[in-house]
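Visitor: Before we discuss any terms, could I see the sequence and the structure?
Guide: Here they are.

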Amino acid sequence: MHRFTLSFYLLAATAWAQVTFEDLRQSPNQNWLTYAGGYSGQGLSPLTQITPENAQNLTPKWTFNVPKAKGLRARPIVADGVMYYTNTNAIYALDARSGRVIWRYVDTQAKKEAVNRGAAIFGNSVYFVTSDCFLVSLDRRTGGLAWRKQYGNIKDGVFCSSAPVAVNGKIIVGTAGGDEGMRGYLTAMDAATGKELWRTYTIPARGEPGSETWGNYIEYGGGATWLSGTYDAATNTLFWTTGNPWPDFYGGDRKGDNLYSCSLLALDAETGKMKWYFQFTPGDWHDWDAQSWPILADVQYEGKPRKVIFHANRNGFLYLLDRETGKYLKSSKLIDNLDWASGIDAKGRPIPIPGKDPTPEGNRVCPGVRGATNWMSQSWNPATGLLSVVVLEQCDIFTSSSKTPEPGKNFAGGGAGPAPKDAGQFYLRAINPLTGERKWQYPMTGKAEMWAGVTGTVTGVLFAGDDDGHVIAVDAKSGKHLWHYQTGDNIYASPVTFMVDGKQYVSIANATSVFTFGLFEPVKSVPVPPMKIK
Amino acid sequence: MRYRIFSTVQLHKIFLLSCSATLLWAQHAKDDEAAKHPFMGNPDRIEAGRKTYLGGCAGCHGPEGGGGRGPSLIERGAWHPMTDDNLYGTIQKGVGIMPAANLPTDRGWELVAFVRSLTAPAVEMKAPGDATAGEKLFWSTNGCSGCHRIGGKGGFAGPDLSNIGRTSTLPKLRRSIVDPDFERTPGFERADLTLRDGSKLSGLVKDRTNYRLQLQLKDGTLRSVPVETIETVELTKPSIMPADYKTKLTRDDITNLVSYLRQQGAN
């Protein structure tokens, strides 16, 4: 019968090293433990193996074709040589060296299918969300289901796609939606049990402070929390951006600033209470969600050390804010094609140019509806003082409809898109966020269809995707091309870099597959090991 | 985030780009649910169907649906693409050497409900037995939890069963316990390696190619081993799950275990 004693298999006392809060604070290092790379969202890896000098030797190491993938958005996380990659209602654990599947979990109960942006890790668990808003906790070693807890209801117009954020024993999750009428929020759940600890709505209830900035439809005001936020452990503060007010393209029924849509919220991570807010686009009519995650940085500003936030907004401006108070410090233009505001006033409010609202006939406005930038990652390098951002120079025709809004009926109050022969162009730009000075730019050919982000390393290499489906490496100082590789499809996700067994890798998903690169090494002939089969 | 559609060429592009472009997929899910006969999933009708089955079908398809002269009905592959209507028609009219059943309509649909239940997630089915007794047995010394995990506790030598009620069916659960070698779960062959540096390593093979082995050690740790570092590999093919539960456990024990396991993944 069985030659081995049972005791060989029995549970051992030692366990695989757990991912601690401290580990999360150290990320990115050899690991890439969060969607944004690390709590600060700076998108800068300390790994030094790949340099501007040797980046030309990057070669593909493996490809993982993600089952049922169409238009992948997720960014992998990597812990101890294992990569966790999500797609719609599914997550895969891969050997980060080989791309081979270790385990998979497919959620068969989910009642909706939407894109997914990634996973979180804490302790011995990995977390991801289903499209119908369940937070799923899995054993990271086996993929075994610990629990799935509902935190949103698709009947209320929300759905879920963002990567959860693990913060000190809590898992913070956001909601997508907001283009058909819903009320956005952030929820904190206990990492061990999934119990809801707090919930903070991004749009006040009728009668609450801020509700006076709305007209009708405040109950469906939007303010989705599309992406993962960032976190300052020193003050235990979460920083999260909020989406557009609803209906997207017609604001006639919601005159006012529509707090706290298109804003940045600073929340106490313990309670979810708002410490401050900053609104980028008051009373938005152009679907310019505050999208990309706020980058937390410590800089010398006007001769003094200052804790700041950089945020590249869809409305075309790059903002510099004080991290402690939310006070507006400065802004600059991310793009040249920006015609709806002449600038930002001393308090941080845009100075609108009249006649730029959507109209029933259609009105050409720049930037377009997709915004000057969107969910793609950025990279801040304190050594060069440069923020690298992928931007889209595009103008769209915005139309509006004052038809009575109908929540949940695919009604957005209008629409937007480019006129024929007026397609935009993507650029990778390196900007000094303190002065607004553009140091260099890398213009991209292509159809203005991609959504790839950028990730940097301290050696001065930037990894990015271009608008023709290439993964590229460019010199962070000069913007000079170093290397490229054609993936065969559009890229809608952002790169990561990590190290396993002494080797640095770079990974990014295109529409259907995850690609992983490393420095060239000649392949040694592998013997077939003598194999005895019992 | 929303992108308005201006032309059909852009329709494709916008579908890909939009954060909210999920309606097409959601629609599909609704269509699938549309045409269900009211008996489907109804425990009383399934039980009635089982009785009819034991009388008229089990002789060829096996008392538990595992097959005989007729094909196994507990493997989804054989007939899954059939609609419920087609299944009803096949049963009533017969196919090949299988005789026509010619039952009254409701009895026919009871059979369809029963046959479908054989491949439905166990968690959705009613099952006899005492789940609490099954739970006790599962977690007892020399029980199942030395190898299997549920809810973050237990061993790593067998599949994590936390969601088994969703991924397995009632007949399969029973068979997994009494005949572990019948249908293997990938990733649980044991390998004993001697490495070129003289050290030894044993674990379960999560993945094996010509170039690398992914082992899971007994504490759950994963170890990715390049083949060029390996001197010899000894692979144990038969399942390491004891094959004698059929005789060691009573019928009731097994029924109780199935009753406990089918609830895993229920939430």
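**Hairpins, a shared sheet, a pocket and two helices**

Guide: In this predicted model, strand 22 of chain A and strand 23 of chain A make a hairpin with four residues between them, and A:Gly316 in the turn has a positive phi of about 110°.

Visitor: How do you know that strand 22 of chain A and strand 23 (residues 317-322) of chain A pair?
Guide: Pairing needs at least two bridges, and five bridges join these antiparallel strands, so by that definition they pair. In this ladder A:Phe310 stands opposite A:Leu320 in strand 23 of chain A.

Visitor: What makes strand 21 (residues 295-301) of chain A a partner of strand 22 (residues 304-312) of chain A?
Guide: Seven bridges join the two, which run antiparallel, and because the definition asks for at least two bridges, they count as paired. A:Leu296 has A:Ile309 as its bridge partner, while in the hairpin, with two residues between the strands, A:Glu302 takes a positive phi near 50°.

Visitor: Which strands are called the edge strands of the open sheet of six strands, and why?
Guide: The order is 41(A)-7(B)-3(B)-4(B)-5(B)-6(B), with mixed pairing; strand 41 (531-533) of chain A and strand 6 of chain B are the edge strands, as each pairs on one side only. From one strand to the next the twist averages 35°. Within this sheet, strand 3 (residues 189-195) of chain B is joined to strand 4 (residues 200-208) of chain B by six bridges, the two running antiparallel, and B:Arg190 stands opposite B:Leu204.

Visitor: What lines the second largest pocket?
Guide: The volume of this pocket is about 890 Å³, and of its 25 lining residues the closest to its centre are A:Lys503, A:Glu521, A:Val523, B:Arg212 and B:Glu228. Strand 2 (58-65) of chain A gives the most to the lining, with four residues, and the lining as a whole divides into nine nonpolar, seven polar and nine charged residues.

Visitor: How do you know that helix 6 of chain B and helix 7 of chain B meet?
Guide: Contact requires heavy atoms within 4.5 Å, and among the residues that meet are B:Leu87, B:Tyr88 and B:Ile91 in helix 6 of chain B, with B:Trp109, B:Leu111 and B:Val112 in helix 7 of chain B. The residues of this contact divide into seven nonpolar, three polar and three charged.

Visitor: How is the packing of these two helices described?
Guide: Two packed helices are described by the angle between their axes and the distance between the axes. For helix 6 (residues 84-93) of chain B and helix 7 (residues 105-117) of chain B, the angle is about 115° and the axes are 9 Å apart, with a right-handed crossing.

Terms used:
Residues are numbered from 1 along each chain as its sequence is written. Chains are lettered from A and ligands numbered from 1 in the order in which they are written. This is a predicted model: local features need pLDDT of at least 70, side-chain atom pairs count only at pLDDT 80 or more; totals for chains, interfaces and linings use all residues. Side-chain values use heavy atoms; hydrogens and water are left out. Axes are lines fitted to C-alpha atoms, for helices over the stretch in contact, and angles run from 0 to 180 degrees between N-to-C directions. A crossing is left-handed if the near helix is turned anticlockwise from the far one by less than a right angle, and right-handed if clockwise. Ala, Val, Leu, Ile, Met, Phe, Trp, Tyr, Cys and Pro count as nonpolar, Asp, Glu, Lys and Arg as charged, and the others, Gly among them, as polar. On a 1 Å grid over the protein atoms alone, a cavity is a set of points where a 1.4 Å probe fits but cannot get out, and a pocket is an open set with protein on both sides within 12 Å along at least five of seven lines; lining residues have an atom within 4 Å of a point. Grid points are joined across faces, edges and corners, and a volume is the space filled by probe spheres set on the points.
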